[in-house]
Amino acid sequence: MTDVDVVVVGAGLAGLSAARKLVAAGKTVRILEARDRVAGRNFGGSLNNGVAVELGGQWVGPGQDTVLALIDELGLETFPTYDAGDALTVFDGQKIRYSDATFGLPVESLAEIARVWGQLEMLAASVPLEAPWQAESAAEWDRQTFDDWLSANTTDNLALRFFRVVMPTLFCAETPEVSLLHLLFYVRAGNGLASMLAVTGGAQELRVVGGTHRISERMATELGNRVQLGAVVRTISQTNSAVTVTYENHDGTETGTVTARNVIVAIPPTLAGRIRYLPPLPSARDSLTQQFPAGSVIKFQIGYPTPFWRDAGLSGFVTSLDDAFNVVLDNSPCDGSCGVLVGFLDGAHAREAAQLSTQERHKLVLDALVKYFGPQAGEPFDILEKDWSAEEFTRGCYGGRLAAGALTHFGKALAEPVGRIHWAGAETAQQWSGYMDGAITSGRRAASEILDTV
């Protein structure tokens, strides 16, 4: 006898999507969530004027059919990210306005960026999504970091700097920290670099009214008391007939257990590796989690009385090759009640800034914004920040990244069940890996694995 049919570890998009599918199929489910809230890497906040902002993942866009359909199904609404007017690129002390696809860069460097970009897209197109380690050149690509490949394929200084800024915006890690093969898979899974990086027509096109955390909250409301918050899973034991999941409160007291026929572990790989498994997991799975760290990012939401940059004909989108706070977008609410800029410290910049005081980080951010938009940018009414590496039950965002050699040796273990243990989470998705859409499909895939074996 078991308490439930399935235990789900993690109440983010993946875990809740899995639970929802299982319940719809008539299965009994318990969801154990370590935090005191649902939604995982989606997290809502409010500026001091009451305007809702997203401190975690926030954008959806064309091609992400699963998450868009779920938003609609749950009765939520989306609105477009503001993208009218000129964008800015900063390099070598210059601030260039542009309104086309040139990034405001010199013709020679732009041509080289386009050549390298096209070469990346061509390589990515040959990576099989269901098994990237089986690509014809997988071993060669996985022996290299992206920076190795980049340095071998261009000597143009601006092109090198451009890609060394762009890639941390995807992985929140530096180009020498990411396997070329993992990058190529990621690009293929995200429908190409243009789709992944664009606002209108791309992955940043839409926002959810009230914040993306509401997707998980609505699913959790449907699931009711099946969701148990504040339950930190410590051990998963399995036999031929059942699993036993042991958990405790945040302070280590009041240990509890749940028995089930199967368990879905729907948390980031770096956290999944901290659970004790009895009997121990196969060495390939254990080696994978040891080599799948999360990225480093500090996200900032900066509030102003009005979106004043629009008056100057600017969209709010900035890319800087000179500064640590180097990617900025307009994140103002749909009703235009105030102006909000959102920006990030990624990769090494996030790790360095984490050592600063809050005041020093805010000065770094505001100095950059004044450089981009003028003195008015130095007078916000509020600044919110979220360092995801400091979050105990996340330990980094946006997702995990694999260094050279890991994907070919251990990639097969990422989503492959181990007995009665199944794996979900954005990193395990074949399409839109690392994105909200991928998280949802991964949860449904793990649920189907269980349903198909019953």
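This report describes the overall build of a predicted model and then one of its sheets.

**Overall build**

The protein has 454 residues, and its radius of gyration is 22 Å; a compact globule with that number of residues would have a value near 22 Å, so the two agree. Along the principal axes, the C-alpha atoms occupy a box of roughly 70 × 50 × 40 Å. The secondary structure consists of 16 helices and 20 strands.

Buried residues, meaning those under 20% relative accessible area, make up 59% of the 454 residues. Among contacts with a separation of 6 or more, 73% link residues 24 or more positions apart.

**Surface and charge**

The exposed area of the protein is about 17,600 Å², and 50% of this comes from carbon and sulfur atoms. The protein carries 36 positive and 52 negative charges, and the mean positions of these two sets lie 6 Å apart.

**A three-stranded sheet**

Strands of a sheet pair through backbone hydrogen bonds, in either a parallel or an antiparallel way. In the open sheet considered here, three strands follow the order β5-β9-β6, with antiparallel pairing. β5 and β6 stand at the edges with a single partner strand each, so each has one side without a neighbour in the sheet.

| Strand | Residues |
|---|---|
| β5 | residues 59–60 |
| β6 | residues 78–80 |
| β9 | residues 206–208 |

Two bridges join β5 to β9 in the antiparallel sense. At one position of this sheet, V60 has L206 in β9 as its bridge partner.

Notes:
Residues numbered from 1 in each chain as written. Predicted model: local features only at pLDDT ≥ 70, side-chain atom pairs only at ≥ 80, totals over all residues. Heavy atoms only, no water. Helix = DSSP H or I, 4+ residues; strand = E, 2+ residues; numbered from the N terminus. Rg over C-alpha atoms; globule rule 2.2 N^0.38 Å. Buried < 20%, exposed > 50% of the residue type's maximum accessible area, 1.4 Å probe, protein only. Contact = heavy atoms within 4.5 Å. Areas by Shrake-Rupley, 256 points an atom, 1.4 Å probe, with all protein chains shown as cover. Lys, Arg positive; Asp, Glu negative; His and termini not counted. Charge placed at Lys NZ, Arg CZ, Asp CG, Glu CD. Pairing = 2+ DSSP bridges.
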